[in-house]
Amino acid sequence: MRIGELAARAGTTTRTLRYYESRGLLTARRDEHGHRSYDDRDLKLLRQIRTLRDFGFELEETRPFVECLRAGHPEGDACPASLAVYRRKLAELDELVGELRAVREQVAGQLARAERARDELGAEAQVPGGPEPVCELGGRGR
């Protein structure tokens, strides 16, 4: 198939395919007229790359999976190098989840503090002669 057909079937652009080719992830063969020519194996490579990219893998992280497919394995994650990339990505994700949990706890603490302060200010406003609550956006009241 030609580059346009491959791009359409893979759900990408010809520009992306040329970029992948420049990075050595996709190898174009040339037909008798010098046009790029691809087959279903190339489509499988592209689908593997796209799936990994959708999962948040960097383009270079897809290389072991592509090489695994090129080596003739039925799946791109059947090789030790691919498994190592999965392990690194999982460790990275675990670290990010931990960081997000810490940030969530901080935000929850700030929210609780802000709600307590609001409630205390509101209680003072109920006392005759107490201060009227002022919204930081310039409005009055709660």
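**Exercise 1. List the buried residues of helix 4 and state what their number implies.**

Step 1. The model is predicted; local features need pLDDT of at least 70, side-chain atom pairs count only at pLDDT 80 or more, and totals for chains, interfaces and linings use all residues. Residues are numbered from 1 along each chain as its sequence is written, and side-chain values use heavy atoms, with hydrogens and water left out.

Step 2. Fix the terms. Helices (H or I, at least four residues) and strands (E, at least two) are DSSP runs numbered from the N terminus. Buried means under 20% relative accessible area, exposed over 50%, and partly exposed in between, with a 1.4 Å probe and protein chains only.

Step 3. The buried residues of helix 4 are R63, P64, F65, V66, C68 and L69.

Step 4. These are six of the eight residues of helix 4, so the helix is largely enclosed by the rest of the structure.

Step 5. After helix 4 comes G72, with a positive phi near 105°. For the whole chain of 142 residues, 25% count as buried.

**Exercise 2. Characterise the disulfide and say which parts of the chain are joined.**

Step 1. A disulfide is a pair of cysteine sulfur atoms within 2.5 Å. The structure holds one.

Step 2. The bond runs from C68 to C79, with an S to S distance of 2.1 Å. The angle about the S-S bond is 80°, and the link of C68 and C79 is right-handed.

Step 3. C68 lies in helix 4 and C79 in the loop between helix 4 and helix 5 (80–126), so the pair ties together parts that are eleven residues apart in sequence.

Step 4. Both C68 and C79 are buried.

**Exercise 3. Describe the surroundings of Q48 and D42.**

Step 1. A contact means heavy atoms within 4.5 Å. In both contact lists below, residues up to four places away in sequence are not counted.

Step 2. Q48 is in helix 3 and counts as buried, at 14% relative accessibility. Its contacts are F65, L69, G76 and D77. Between Q48 and F65 there are 7.4 Å, C-alpha to C-alpha, at a sequence separation of 17 residues.

Step 3. D42 also belongs to helix 3 and is buried, with a relative accessible area of 5%. D42 touches L6, L26, T27 and R29.

Step 4. A polar atom of the D42 side chain lies 2.9 Å from the backbone nitrogen of D39.

**Exercise 4. Analyse the lining of the second largest pocket.**

Step 1. On a 1 Å grid over the protein atoms alone, a pocket is an open set of points where a 1.4 Å probe fits, with protein on both sides within 12 Å along at least five of seven lines; lining residues have an atom within 4 Å of a point. Grid points are joined across faces, edges and corners, and a volume is the space filled by probe spheres set on the points.

Step 2. The volume is about 160 Å³.

Step 3. The lining consists of T27, R29, D39, R41, D42, K44, L45, L69 and R70.

Step 4. Helix 3 (40–54) and helix 4 (63–70) each supply at least two lining residues. Helix 3 gives the most, with four.

Step 5. Count Ala, Val, Leu, Ile, Met, Phe, Trp, Tyr, Cys and Pro as nonpolar, Asp, Glu, Lys and Arg as charged, and the others, Gly among them, as polar. The lining then has six charged, two nonpolar and one polar residue.

Notes:
A polar contact is a pair of N or O atoms within 3.5 Å; within protein, one must be able to donate a hydrogen and the other to accept it, and residues adjacent in sequence count only if both atoms are side-chain atoms.
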